[in-house]
Structure formats: structure tokens, C-alpha cells
Amino acid sequence: MASPEERYNFREAEAKWQKTWAAKDSFKTEDNSSKPKYYVLEMFPYPSGRLHMGHVRNYTLGDVVARHKKAKGFNVMHPMGWDAFGLPAENAALERGVHPGKWTRQNIADMKAQFAPLGLSLDWSREISSCEPEYYKHEQKMFLDFLKGGLAYRKESWVNWDPIEHTVLANEQVIDGKGWRSGADVEQRKLNQWFLKITHYAEDLLQAIETLDRWPDKVRLMQHNWIGRSEGARVTWPLTDAGGKETGDTLEVFTTRPDTLFGASFCAISAQHPVAAKLAESNPALVEFIAECSKGGTSTAAIETAEKMGFDTGLKAAHPFIPGKTVPLYVANFVLMAYGTGAIFGCPGHDERDMEFARKYGLPVKCVVAPVGADPEAFAAELETGNVAFTDDGVAIHSEFLNGLKVDAAKRAAIAKLESLGRGKGTVQYRLRDWGISRQRYWGCPIPIIHCDSCGAVPVPDKDLPVTLPEDVTFDTPGNPLARHPTWKHVKCPTCNKPALRETDTFDTFFESSWYFARFCSPHVTDRPFNEVEAMKWLPVDQYIGGVEHAVLHLLYSRFFTRAMSDCGYLSLKEPFAGMFTQGMVCHETYRAADGTWLEPGSVDWNGTTATHNGAPVAVGRSEKMSKSKKNTVDPARILDTFGADAARLFMLSDSPPDRDLEWTDAGIEGAWRYLNRLWRLATMANEIPQAPLPTMLDPGPAGLLRQIHRTIAAVGDDLEKFRFNSAVARIRELTNAVNDQDRDAIGGDAVFRFGVEILAQLINPLTPHIAEEIWQLLGNAAILTEAPWPSHDPALLEDDTVTIAVQVNGKLRGTITVAKTADKAACEAAALVLGPVQKQLDGKPPKKVIIVPGKIVNIVAA
RNA sequence: GCGGGUAUGGCGGAAUUGGUAGACGCGCCUGACUCAAAAUCAGGUUCCUCUGGAGUGGGGGUUCGAGUCCCUCUACCCGCACCA
């Protein structure tokens, strides 16, 4: 039984070691080191003011990697900073009247204090905060360099506009066609916006996914789909009016199916297409139709239910292959201006959307592709009278020079013909769009541009950078505080000195997070974003860790930025993150009262198996990501206070593989806490054994334990390298059990016992560093464990001299035999055949066949 | 709709290349200690009609041997979503 003094005092120990590490600067990256470098990075947090379990899991995972790599002899860089611009700061300003900067900086201080008890091996000397001019001034310069290099531009584009908030909304902020905060119907508006030309790198970003072999397949696939490469053709269709007279305009459409051009029965353009705008000038009915299309329309629900609608313009488009043939031109709500050319040709026979549209507006359906082997005429007759398009591979029919060609060959032939006729050409189209970075927000990095009536958009000269945010702003009226600030935007044009206006938009906050990993390499340089030599030394990040929710945007933007920075001379690198790991979410059961309101876990009582709240029944919901809205959060501060950092870390690491969701349970954390006490008790027992070299002669028991110790060293090292932290914990616990069971009276028993505890401390150090240090010190080691090398294993001790192998009859286990490792097949067979259950199965008959895999299995095939 | 993933005891999850399924933990059960409880310690715990048999979501296949490979079905999860 553990007396109070035997119990592990985590409060004292954890505080002590955190102080020791800080005093020794244990985690400061070495400046001039001959060791190989290793850069571990977790996605820097938004300073909300409160650390949550997701953070704890993220930083614990990174800490395991950092500490393990340090022990393995690497010069580790493990920095931390703050992704400090963002909307919540403005919301706080709105709700509480506190300035976003003050609120943010206070949150950073609060969160930093909450980080401390976790005992993370962070190098705080590299701390950065993206909302400070020392940080964002560099990205203003970078933006201007991008502009100079043709990687940034300004253009009018359609955006979601909230008419009450007077601001642009991201697609994610539009819920069912309404502004997420105002509830107002969102309008489509055309605004001047700044863009970064990520599409310039579309092909390279796609191709290079292949090289990211230490990224999760899931993330690579998501990026692949997001970039969305499709091969096809652009086809020009001259437009004529109802009387057949050419209007002088030509329509350009993009298609991936030029092989189906002979099946064309209409063309359609987006409501936002310039031709539609031109026609609308003299057509009030079209104006109304376009307005209808612009309403709402961006929410997923709206798109799913939206019926296809078209407006016949009366114009005709001339077919590229069939002289004299024209098809009607529609404005249609399902054509997207942002993809391809904003115009399509419709082939109802071989496209489901076109089929739906054709049936609604009574347009012809012509079959031009038939399945291989089908009777073309019978198939065509069926297709042309039905409502289902045929979109699979097949053979071209009713298509003149394409007849008989399969889809791929027909595409090539059609493109060749288009090119020879001057009516189109083969192209590659990407789904990826340029990154709109303008936000009508205060709490972001000002875009360093001055708009002059005479000179246009003029870059702020270098000497005037950074453009800093004004402090005296108000949030009591909707819209951008920068735009209505009385003086801030009024400046002189740097070129002509006439009165001009500052750009009042700020950068999307993804801008800051697209290059912070490079800033960490030299966080204190003032004249440029980072020192190129340092960046090239540390980058790419060896191991990046974060949530899968950033699989596309943040990770793709960072890959783009690295290329753009390279092309602008900042460094010479393509990929910022060599290794990427996406961790799972931290989940908890959800509870709802009868009236549907969510209940906190702490307010739910358990009567046997049913949950109650103040005696009333509670519906127990499934486990979901911890969130304030569902009240299923657990406060890390409370857990750290009750069980300590090591117990919290151990539970998070042991219960689920790190890439899967983790179910937080009270029982789980208690189990981790129990284990630490068990380990501590073993340590106090080991401490009573004098330190001495291992004897050369050991009884079989201690000899076996010694082999298990070496096997565990090897296995845990391997598990840590491969992010199998839950397995590593299992192996360590297994060894703990074996050490605990060691017969101390056997020859060498004590010595191997003590050795085992020492190794346990070293193996568990990356996972639960405080108790590991405490045990290490208890056992008389003068130096701290954080500075000790990873234990090495003796390959000769990994395997036993004997091996126990399974004996099967017809594939079913009937027993085991223990033979010498070197036993030959005949010996194994002989040993297996004499087993009682084997003889019973054979029933006196000789085996038909015996399969022996040395060291693995004997399988006897009975007649 | 398109693309991807997952499915193993009461629960979380183990199981290199096909080779003793259920490691490790949670929970539960029994015992010790205790006036009692908690904590702790020791033991047990896939299921069943239990000297045997069944078993890794269902069905089928390949193999001496399948959680692992192939086909098929089902359920759930994730990403994209009128992308021409």
C-alpha cells in the first residue's frame, strides 16, 4: 500500500523541473551546432485567451517529437508564436468595447501562462506575434514585391456582400444565403479586390504533391482535388442575331468533351458574363433574370435545391464544325463565371445537367456516343427519347470525321480539327482560383497601397513602411473602421503628391500564417522578413503538426508563398513542410436536457446507467468534437491542476492513435495517473538498490528481462519515429509490468530491476518528461535527463535462443512447440507431430503435407 | 452526384512482408487490506450449447494458412460539390 510520502508529488516535481529547464535554457536552439538540424512545428494558435484540449493534444504531439529528436542528437528548433490577427478580436471590441489590440495582447499573456504548466520543450526566445508591426511590416514589403513580380493584382470580382455589416463575407460565413452575424440576405456584388496569383503555380503545386512523401495521403488527395486539373478545349462560337446577322461578338466556351460537339444543342453563359451584361442594357426581362440569379445562391443548400433556369437571349451561336448550323444562346443560372470562360456548350445526350436543361426548355437531344458493342441506332433512339445522359466511355457516332473513335481519340481528333480551323484549341483548366486577399476589416495587416485619381494604385514607398493601424477606432457602427476613420486614409500620392486615399482593406489572416514558419528561423531581423541563410538552413520544416481542417487552405497557401517568396528572391525553396502530420480531434460525449439545451459534462449525474440533471432525464448524445456551443468541453487548466501535465499528456498519447479522434474520459486520465504512481513506486524501490554494473552471469529470469528491456528500447524508438505513440505507451507499460514482476532474489535480479527502471525513465521521457526527470534524479544521475542521449539497444540481445512457434492442423491452432532458434525443419516437424492434439487430429494417419516456416509456424495438412 | 476513408471483445485500440487474433489500457468480476468506503495490491475477463466449437460489419473467392489479398453488399465518417 502506498503511504502518502510514497505517492508521486506531481505539483512539486512538475514545477521544479519546469523551473530547472528554464534556468538551464534547455530548449533553446543551438546557434552554432555541429549536430544535424531538426525543425518541429505545431500550427501556431489564435490567441483566443483560453487554451483548449485540442491545443494540448497538438503541442503534446509536437513535444514528443521534439524531445525524442533532441535525445537522438539533433539540434532541435521548436518555436511558438501567435496567429494574432482575426475577427474574434473585433467581435470582442464590438461586445465589450475593448480595443482589439489590447484584447489580443492580453490573451497572449493569458495563454502563455496557461502553456507553462504543460512543460513543453519550446524555445520561447523565438516567439513571434503576427499582429505586431515588427512582423507584418515584412509582409507588406513582400506583397509589394509580389506586385512587382506579377504575382499580385487588383481586379473587380463578385463577392458575397452583407448589406447590414457593410462587408464582404467569405463563403464559410454565408449560412443559407444569409450573413452569419447579421442574418441579412447576402448579395452578390462586384468589388475591387486584391488577388494573389496562386494559379500561376497550379501545375507545379499539383506535380509537387508527388514529392511530399511524408504527408498524409488524405491531405495530398484533397490538395490534388482542390487544384482540380482538367484537360479540354476552348471553342469559339461567333454570335449572330435572330435574323442571322453576325453581332461581331464571339463566345468562347471551355469543354472537357470536345468529342461531343456534334451533339451540341445550345450554348449557355453565366448571369455574370459580359455578354449577358451587354444584352441586359436593352432588355429589362434579362435584367430581372440576372438579378434573380445573383440572389443568395452560394450556400450549399441553395445550390442543391436550385432548379436549372435559363433565359433565351434570342442570339444564336455558330457551330465550329457544321457550316450554317447555329444553336440558341441562353443565360443560365448553373453556369459559373469563375470557372473556365463562364460559358458552355450544352450536349444533353452526354451531360446530365445539359439533359435536365434541354428537357425543361424543349431543346433537341442528340446521341453522339454509344457504348462499345451496343447497336448504335437502337442505343441512340433510346437515349434521345429518355431523360438519362450517357457519360461513360464509348464510340463516337453521328459525328462525321469522329465516327468510330473512342472518347479519348475523338477528343484529340476534335481538338486537332478545331485548331486547324482556327475555331479553338486544346487547353488545361484548373479548378483552383486566385486567392482573394482583401478584407474590409480593421484587425488585419493594412494593404500598403495608395489610390490616386491620376496615378492609380501606387505602392507605399519602402521608407514609409510599415503602414500601421490607427489606434483610435470605433466599432459601434457596421463596416470597416479604417474606411470611416476621419484622417488615416487621407494621404498624398507618393508619385504626384496630389491628395490620395489609402487602401482601407486589410489582408486575409491566412496571409500571416503563410510565411511564419520562415520567420521563426531568424525572428529578430528587422530589415527583412528573415535571414536567407538561416531560412535555408532550417527549412523545410521537418515535422509540421496540426489539424486536418487546414489540409487545403493554409497548407496550400504556404506552399504557394514559399514558391512566390523564392521567385522574388527571398530564398530558394519550393516546399515549406517536408513532413506533415494531421492530428485527430479531441471529443467528448454530449448531453441534452429534455428541452433540447446542451448540458455540461460536470452537471450530469449518473444513476447506474442513466444520466440525469437535477433529477430530470438527460439524453446522452454521441461523442463530438469539444465545442463551446455543445458545452462538451473539458478545461485543461482543471485537469492539469488535478492530475498534472504528465498524466494529461500520457492519457492523450496512450488512448488513441494520434491521427484519430480522441475520446476524452475521466476514467482514462485517472488510469494514466495511476500508472505514474505505479512507476514512481518502482523507482523508489529501485533507489534502494546500490548502483553497480550489471553482472555478467544472470539467472534465466533476469536474463529474459534484460532481453525485453533491449527489445523495448528498439520498439519504442521505432514507434516514436512513426507516430505510433499509443503503441509506444503500450510497450512501456508492458515493460513496467515485467520489471514489477521481476524475481529480485534471482541472481542479477536486483541489478536488472534497477536497470529496467532507469531505462523506463529514459523511454518515457519524451511522453511524460517531469516524472522521467524525477526518477532519473532519484536514481542518482547528476545530469538532467533532458540532456541525456537516447538509450541504445544491443542487437544481440533482441532475440531469444529459443522460439515458441504455433502448430496448426489444417490451419487451426492445436498447440505450440518451443524449439531452438536454429532448429531445422525436420526437428520442428518431429516436435510438432508428437503433440497430443495433433495426433488426435491425425487419427493415426500420416500427414498429407507439412508446411514449416522456420521461427513462425508449423502447419500440418491432414488427409 | 463525384472522390476518399473506416468497420476487430462491454469500450479505446494492438497484430512488419498473409503465419499463435484480442498486446496495452478502460470498464467489469473475485480476493486481500479496511468497522466501512475510497485508494492500493493480487487474480480473472472474446463469445457459446465449454474434454469441444465459433469468431475481426454481411456474403463469396484465392491459399497449407486471411483481420491482412481479390470480388460483392451494407453501415458510418470525411472532403468537394451545377467545375462544363
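**Exercise 1. Find out how many aromatic pairs the whole structure holds, then classify the pair Tyr-8 and Trp-680.**

Step 1. A search of the whole structure gives 48 aromatic pairs. Rings of Phe, Tyr and Trp (its six-membered ring) pair if their centres lie within 6.5 Å; planes under 30 degrees apart are stacked, over 60 edge-to-face, and the rest tilted.

Step 2. Tyr-8 and Trp-680 have ring centres 5.4 Å apart and planes at 45°, so this pair is tilted.

Step 3. Now locate the two partners. Tyr-8 sits in the segment before helix H1 (10–24), and Trp-680 in helix H21 (residues 666–687), so the pair links distant parts of the chain, 672 residues apart. Helices (H or I, at least four residues) and strands (E, at least two) are DSSP runs, numbered from the N terminus.

Step 4. Check the burial. Tyr-8 is buried because its relative accessibility is 4%, and Trp-680 is buried because its relative accessible area is 10%. Buried means under 20% relative accessible area, exposed over 50%, and partly exposed in between (1.4 Å probe, protein chains only).

A word on the model before you go on: it is predicted, local features need pLDDT of at least 70, side-chain atom pairs count only at pLDDT 80 or more, and totals for chains, interfaces and linings use all residues. Residues are numbered from 1 along each chain as its sequence is written, chains are lettered from A and ligands numbered from 1 in the order in which they are written, and side-chain values use heavy atoms, leaving out hydrogens and water.

**Exercise 2. Classify the pair Phe-651 and Trp-664.**

Step 1. The centres are 4.9 Å apart with 85° between the planes, which is an edge-to-face pair.

Step 2. Phe-651 belongs to helix H20 (residues 645–654), while Trp-664 is in the loop between strand S34 (662–663) and H21, 13 residues apart.

Step 3. Phe-651 is buried because its relative accessibility is 1%. Trp-664 is buried as well, because its relative accessibility is 1%.

**Exercise 3. Work out which charged residue lies over the face of Trp-598, and which over Phe-401.**

Step 1. Recall the rule: NZ of Lys or CZ of Arg must be within 6 Å of the ring centre and within 35 degrees of the ring normal.

Step 2. For Trp-598 the residue is Arg-592, at 3.8 Å from the ring centre. For Phe-401 it is Lys-417, at 5.0 Å from the ring centre.

**Exercise 4. Describe the surroundings of RNA strand B.**

Step 1. Count the neighbours: 57 residues surround RNA strand B, and the closest are Thr-256, Lys-308, Arg-353, Arg-674 and Asn-859. Near here means that a heavy atom of the residue lies within 4 Å of the strand.

Step 2. Helix H23 (residues 725–741) gives the largest share of this surface, 7 residues.

Step 3. Look at the RNA side. Of its atoms within 4 Å of the protein, 66% belong to sugar or phosphate and the rest to bases.

Step 4. Pick out individual atom pairs. An N or O atom in the side chain of Lys-308 is 2.4 Å from a base oxygen of RNA strand B, and one in the side chain of Lys-856 is 3.0 Å from a base oxygen. For Asn-726, a side-chain N or O atom is 3.4 Å from a sugar or linking oxygen of the strand.

**Exercise 5. Place Gly-584 and decide whether it is buried or exposed.**

Step 1. Gly-584 is in the loop between strand S27 (580–583) and strand S28 (586–592).

Step 2. Gly-584 is buried because its relative accessibility is 7%.

Methods
A polar contact is a pair of N or O atoms within 3.5 Å; within protein, one must be able to donate a hydrogen and the other to accept it, and residues adjacent in sequence count only if both atoms are side-chain atoms.
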